[in-house]
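Please look over the sequence and the structure below. The report that follows goes from the contact between chains down to single residues.

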Amino acid sequence: MCSYKKTEKSLLQRKIHDKFMVALLMISTIVVMTPLIIIVGYVVYNGIGAINADFFTQELGSPTRAIQGRPTGLVHTMVGTAVVDLLALIISAPVGIGAGIMLSEYPDHKLNPFLRIMNDTLNGMPAILKGLLAFAVIVKPMGSFSGLAGGVALAFVMIPIIARSTESALMNIPWSIREAGLAIGLPRWRVVLSTVIPAARTGLVTGFLIAFARAAGEAAPLLFTSFGNNYLPNHWTGMIFGPVDTLPQRLYSLAISPYKEWHSMGWAAGIVLLSFVIILFVISRLLTKQKH
Amino acid sequence: MQKREFVNSIYKKSLSLIYNWLGDKIFLITIVSLGISIILLALGMAWVLLYEGHTSLKVHGVIGFLTSSEWDPAVKLRFGSLPFLFGTVVTSVGALVIAFFPAIAIAIFIAEYAPKWLGNIIENMVHLIAAIPSVVVGIWGIFVFVPWMREVVYQPVYTWALENNSSLLPILGNPIGYGMASATIILALMIIPFTTALTKDAIDQVPKEQREAAYALGATHWEVIRMAVTPYARGGIMAGSVLSFGRAIGETMAVAMLIGNKNNFPFTIFGPAATMPSVIINEFREAVENLHLSSLMAIGLVLFVISLIVNLFAAYITRKLSITGGQSI
């Protein structure tokens, strides 16, 4: 009860102390939030000039192209990002949903505690290690960097997030709904697929969006899986089996390059990436709000 | 006639048997194998890193690899991970120290003091900022933060030390802007939203009665927070900080863009350094020697082990502190 010593102060003193702490908290909130808002402001301010029609329709090419003022852009990057991210979604969705169903619909399964620990472990691992894993599993045996390897690396990022969110979305569905399904004679798999999952679809989609937003911003695992490419591949299979450009990785390459023209394209890529993440974020927030 | 009915009923029964029993079996097997694939993924990650890194660990010895500070991929082909281990620990601890109190302050402000609409806005902003990709923060760091810090902080301090106290110079290091200090500050900025979100969750779980009891004793709002809310929430707050620390350890892109990437000792405050993720990012694409690749994989293994320990520690804290939280005031 040592804390009572300090309360021997007069009521006025205590109230002043209270007000002082409020002020301190407010100031620190403002001080910390400001630079974070400034980051967004700077990205928009510096990048908006480089966004034009060429930016969305031309390939990047070699640095001389930008220096000589010929049209360059990041169309190959955006197409590549779409391909790699979609691959990641296709690979991770079944695994994540499956594990989520196992955790929530078969709560007595002997493997569940272990699965939960392993899933959390995987979730806590730095994304770069998932890139190393994809490198060893896909790039090495196939002999080349590829969009597929990038998709697998991002899937490793998304799987644990989707598994977790699926589990909590399905847990939110009351047991009475499952019992109702079982009572009219549905087998368990139909109960899960036709009653529980449709009821939980908002939660599932929200989880996907969060996982997707997280994976879409990752550059580290892509640098040595999809590697990057200054041009569009000649044939569409090159998007899957050849080196592919992706936004975060291209942003990194542009930012550390020595060319001024590329720097401003880097900022513009930042705008695209940021708005993509913000859109995903806003949709997921709106969905969550709608649910309650 | 009877025979036909019998066959029909068998047929129907077997159909429903297939539909019910076999369907359930197939469903369970599918689900469980998908679950097992996650387990295999986690175990596979450890195995792959060990398998790919064991050449280097064999050549240098585990202890030798961890304690040697020599990293020479060009001439001698000797690899030691100590500079990166040190860089990771120093930047992450530094970032957590900088981020801890501001993050908790924001969480307390939005949970306790701010009006609901303002709290909602700030909380949404915190979540949004936590979702900003690390490369975007990195590009801001390169073109805005680093030049600014160089002009306003590093160079004045360096000149001051040059004139007044030259014994400080070897500790301060080269004020080029890219280095330990810049990386640590940016890292702190990046983990603040994460820590804030987890702290806010912990504070939200404090029961109303806990607060009301303290109010009933005549406590002011701040005293309620200090005596009733934070002690109860401290398990969650601690676990959140440990998880943020784990985040900081694995944070790659922003750090790799700002730390300057110098692979050996001695360490200085302003001068360039490297962390485990940053060295993997910088050298993995260019590594040609097998031993070099293997050493980078071995660094990945060290990173894996450290992240594993941090995550398990966070889980332990949550379990240990959250239930008894607040009992020992």
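## Where the two chains meet

Together, chain B and chain A bury about 7,400 Å², and 81% of that area is on carbon and sulfur atoms. This is a predicted model. Three residues of chain B stand out: B:Phe27, B:Ile38 and B:Arg285 supply 10% of the area that chain B buries against chain A, more than any other three residues. The contact draws on 75 residues from chain B and 81 residues from chain A.

What about charges across this contact? Chain B and chain A share two salt bridges. One of them joins the side chains of A:Lys140 and B:Glu52, with N to O at 2.7 Å. Eleven residue pairs are in polar contact across the interface of chain B and chain A, counting pairs with both residues at pLDDT 80 or more.

Which helix of chain B gives the most to the side that touches chain A? Helix 1 of chain B, residues 2-60, does so with 22 residues. Sorted by class, the side of chain B that touches chain A has 53 nonpolar, 16 polar and six charged residues.

## Two domains in chain A

Chain A is divided into domain 1 (2-50) and domain 2 (53-291). The C-alpha centres of domain 1 and domain 2 of chain A are 35 Å apart. Each side of the contact is listed with its own count: eight residues from domain 1 of chain A and eight residues from domain 2 of chain A.

Domain 1 and domain 2 of chain A bury about 640 Å² between them, with 84% of it on carbon and sulfur atoms. In domain 1 of chain A, the residues that lose the most area to domain 2 are A:Val43, A:Asn46 and A:Ala50. Together they make up 66% of what that side buries.

How many salt bridges are there between domain 1 of chain A and domain 2 of chain A? The count is zero. The count of residue pairs in polar contact across this interface is also zero, with both residues required to be at pLDDT 80 or more. The side of domain 1 of chain A that touches domain 2 has six nonpolar residues, two polar and no charged.

## Salt bridges

Over all chains, the whole structure holds eleven salt bridges. The table lists some within chain A.

| Pair | Closest N and O atoms |
|---|---|
| A:Arg178 and A:Glu105 | 2.7 Å |
| A:Glu167 and A:Arg164 | 3.6 Å |
| A:Asp245 and A:Arg250 | 2.7 Å |

Take A:Arg178 and A:Glu105, whose side chains meet in a salt bridge. This pair links distant parts of the chain, 73 residues apart. A:Arg178 is in helix 8 (residues 175-183) of chain A, and A:Glu105 is in helix 4 (residues 75-105) of chain A. Both A:Arg178 and A:Glu105 are buried.

Next come A:Glu167 and A:Arg164. Both lie in helix 7 (residues 147-171) of chain A. They are three residues apart, about one turn of the helix. Are these two residues buried or partly exposed? A:Glu167 counts as buried because its relative accessibility is 8%, under the 20% limit. A:Arg164 is partly exposed, with a relative accessible area of 33%. The pair also belongs to a network of salt bridges, which links A:Arg116, A:Asp120, A:Arg164 and A:Glu167.

Then there is the pair A:Asp245 and A:Arg250, joined side chain to side chain in a salt bridge. A:Asp245 is buried, and A:Arg250 is buried too.

## Two buried residues

Find A:Ala88 in helix 4 of chain A. A:Ala88 has a relative accessible area of 0%, so it counts as buried. What does A:Ala88 touch, not counting residues up to four places away in sequence? Its contacts are A:Gly151, A:Leu154, A:Ala155 and A:Met158. A:Leu182 is another matter: 94 residues along the chain from A:Ala88, its C-alpha atom is separated from that of A:Ala88 by 35 Å.

Now turn to chain B. B:Thr199 lies in helix 7 (residues 180-204) of chain B. Its relative accessible area is 0%, so B:Thr199 is buried. Leaving aside neighbours within four places in sequence, B:Thr199 is in contact with B:Ile104, B:Ala107 and B:Ile237.

Terms used
Residues are numbered from 1 along each chain as its sequence is written. Chains are lettered from A and ligands numbered from 1 in the order in which they are written. This is a predicted model: local features need pLDDT of at least 70, side-chain atom pairs count only at pLDDT 80 or more; totals for chains, interfaces and linings use all residues. Side-chain values use heavy atoms; hydrogens and water are left out. Contact means heavy atoms within 4.5 Å. Buried area is the accessible area (1.4 Å probe) that two parts lose on being put together, summed over both. A salt bridge is a side-chain nitrogen of Lys or Arg within 4 Å of a carboxyl oxygen of Asp or Glu. A polar contact is a pair of N or O atoms within 3.5 Å; within protein, one must be able to donate a hydrogen and the other to accept it, and residues adjacent in sequence count only if both atoms are side-chain atoms. Helices (H or I, at least four residues) and strands (E, at least two) are DSSP runs, numbered from the N terminus. Ala, Val, Leu, Ile, Met, Phe, Trp, Tyr, Cys and Pro count as nonpolar, Asp, Glu, Lys and Arg as charged, and the others, Gly among them, as polar. Domain bounds come from an automatic or database domain assignment. Buried means under 20% relative accessible area, exposed over 50%, partly exposed in between (1.4 Å probe, protein chains only).
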